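Let's take a walk through this protein together, one side chain at a time. Keep the viewer open as you read.

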Amino acid sequence: MNNTIAICIVAVLLVMSGTATAQVHQRLQRDSAGLAPRELNPVVVTGTGHHQHLAQTTTPVHVLSRRQIDEQGIATFEDAIVRMMPQLSMTPGSMGSFLRMNGLGGKYIVLLINGQRLTGDISSNVDLSRINMARVRRIEVLDGAASALYGSDAIGGVINIITDQAATELLSLQSDTRVAGEGQLSESVMADVRVGAIASSTSFRHDRADSYQLSPYMEQGTAEPSLQRTLAPLFTGYRSTTFGQRFTLTPSSGLSLYVGSDWGRRLTDRPATSSVLPGGTDYEMRYRSWRGVAGGIYKWSRQVSTSVDVTTDLFRYGREYDVATAAYAVGDYVQSKRQHTWQAQAKTIFAHSRAVNTIVGADWRREALEATSGSIDASASVAALYVQHERSLLRGLTATAGLRYDHHSDRGGHLSPKLAVMYNPGRLRLRASYSAGFRAPGLDELHYRYYAVSRGKPQVIFGNSGLRAEQSHYVSLGGEYRTAGWLFGVQAWLNNISHMVVRENIAVDAASLAMLQAEFPEMTADAASLLLHYSRYVNAQRGRTRGISVDASLRIASGLSVSASYVLTQARALTGGEWRDIERSVRHAATLSATCNHAWRGYRLSVNINGRVQSRTFYPDYEDAPGYGVWNLATRHTFELRRQRLLLEPALGVDNIFDHTDRRPNASLRRYALYSPGRRIVAGMRLRFR
């Protein structure tokens, strides 16, 4: 990191005195139709680490509210972010969903639940089925490097999922059901109870979807490919179950304590191996998780509060055989990977005034990885201290400066500075920021020793204990103009990344083949004859993402609103002396939504049309996936039976109205961007008792 930048940040911190804003509680006023107006200025926490209205934060944050999720009939986390966040894209698969933000992959994105990290990556992709959407209050997305607050991995951005915290009523029961084509089913049940100072929140959720093909054929050969029928699905089906329990104790107005736990299980549902057609598998991928959380917040005074959070997160996955093989019987389970993370966080917020606040915090995290498939049994820890100060310098001018020091047990110390300013002359807000990001190499990248044969092809991957930490420098400049009924904002950014960790392919010659056979005695002669190269993790790339985003929201009339977002992104990496588009990056993407709400006596109607349009998805060395546009219709009907304290909300909609699909035959050199099976009728029902 540039020491001059760090010195400048320290100087700013010393010049700016003071400290932290108390928590802001949002109050929505009912309009004449009995409906809450669209939230153009919600309360957020991710950008600066403390609660404040979105319009007042010096670091811009994108927000997807519970109301928007309900209006669009969204059941999964993947649908939530893809339908409303054009800077994000998803690629589903049996090995987890490939999440990307502004062209950068999942290993550069920190995923949080209520500010605490979610563990459990599968090939650098977090298992998103662990997220219970029924409990989600809002989703906050912070673009760009954010290591000054969130430490390692926050190079591409941060996604913070804010869930319901504690029951507020004596008894609340809710059931949500959603069904659609291709065997899709989502069912969640929640029960909240409060008796005096004690509150209990219980949740259960089950999701399922069938595997499906869009083309029953695959291409074979390269010069003159031929078509052959296959069982291989484009989308891999699954069965997922999660259960959560949380207790909250509030003995006084200044003290709140909580303890909770979540359990999860997911099993893929793929076609079994067949002697007639290729593309089937002998086993399913089985995932299990357990997450425990505890902590609390104590308010020393109206100006000072301290919070402490402790998290333990266990995630493991492997192969569960449903076809008998020479080595395994039906029902046998072979573990591939086991991850365990412990984290402790402490943060004190000082709010001297509404215009001056300071945050001081400490963070400790330990990660352990046991991977039988990669011969890894290793752990690493990181300890961090950080400080952030925010104050109003002049009339309408606010600045936020922060500095974090992380000490990684393998990679040593690292400083991450941040500086953001906002000028607010009335309804116009101008923002500029600089922030640093870093990423310590993963335990797999450091220690991998992997050999496997998949679909008859051998694969060898080696880790590299000499890898350096990746670093980034992120700058952004933007502005927005907002009124009570509409908003328009533009932001431009540049993110430069150095020492990117990639897998380098090394050609196999006689000497290296002998080395590999000695390293992996289980390698047969037939497999060795097919091995053309092996891989090793190296610091071999520089990366650069830059782009422009445009956001607009408009409340046309009472109960009628529209919103649109557009992102232009150029994500490139320097490979072999040549700048090339990063795999799975998208140049142009836009999301649009229009909602109409109207209320009659005892009945409320919500109609929403939303769509995502994007250009082709880049796949260097492969065929690019074509661009697409998908539009969805969702309606929700609310019947309020006040005497029975019951709320009925049937929902009906159409996903992919215009039946847009990618029906190209499957092939080893083909990649996809659109995985929709086509037009589907979607139906749901919510029952709520209070």
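A good place to begin is Arg664, which sits over the face of Tyr672, 4.8 Å from the ring centre. Bear in mind as you look that this is a predicted model. A second arrangement of this kind involves Arg319, which lies over the face of Tyr283 at 5.5 Å from the ring centre.

From charges over rings, we can move on to rings beside rings. A pair of aromatic rings is described by the distance of the centres and the angle of the planes. How many aromatic pairs are there? The count comes to 17 aromatic pairs. Tyr451, Phe462, Phe520 and Tyr534 come together in one aromatic cluster.

Now turn to the surface. Here you will find a nonpolar patch whose members include Tyr423, Leu428, Tyr481, Trp486, Phe488, Ile548 and Leu560, and whose residues together have about 900 Å² of accessible area. Which strands supply at least two residues of the patch each? They are strand S24 (428–439), strand S28 (486–507) and strand S29 (533–557). Trp486 belongs to strand S28. This tryptophan, Trp486, has a relative accessible area of 35%, so it counts as partly exposed, the class between 20% and 50%.

For a contrasting environment, look at Thr400 in strand S22, which spans residues 397–408. Is Thr400 buried or exposed? Thr400 is buried because its relative accessibility is 0%, and buried means under 20%. The side chain of Thr400 also has a polar partner: it makes a polar contact with the side chain of Thr58 at 2.8 Å.

Definitions and conventions. Residues are numbered from 1 along each chain as its sequence is written. This is a predicted model: local features need pLDDT of at least 70, side-chain atom pairs count only at pLDDT 80 or more; totals for chains, interfaces and linings use all residues. Side-chain values use heavy atoms; hydrogens and water are left out. Patches are made of residues with over 30% relative accessible area and no salt bridge: like charges are joined within 9 Å, nonpolar side chains (Val, Leu, Ile, Met, Phe, Trp, Tyr) within 5 Å. Accessible areas come from the Shrake-Rupley method with a 1.4 Å probe; for residues, only the protein chains shown count as cover. A salt bridge is a side-chain nitrogen of Lys or Arg within 4 Å of a carboxyl oxygen of Asp or Glu. Helices (H or I, at least four residues) and strands (E, at least two) are DSSP runs, numbered from the N terminus. Buried means under 20% relative accessible area, exposed over 50%, partly exposed in between (1.4 Å probe, protein chains only). A polar contact is a pair of N or O atoms within 3.5 Å; within protein, one must be able to donate a hydrogen and the other to accept it, and residues adjacent in sequence count only if both atoms are side-chain atoms. Rings of Phe, Tyr and Trp (its six-membered ring) pair if their centres lie within 6.5 Å; planes under 30 degrees apart count as stacked, over 60 as edge-to-face and the rest as tilted. A charge sits over a ring if NZ of Lys or CZ of Arg is within 6 Å of the ring centre and within 35 degrees of the ring normal.
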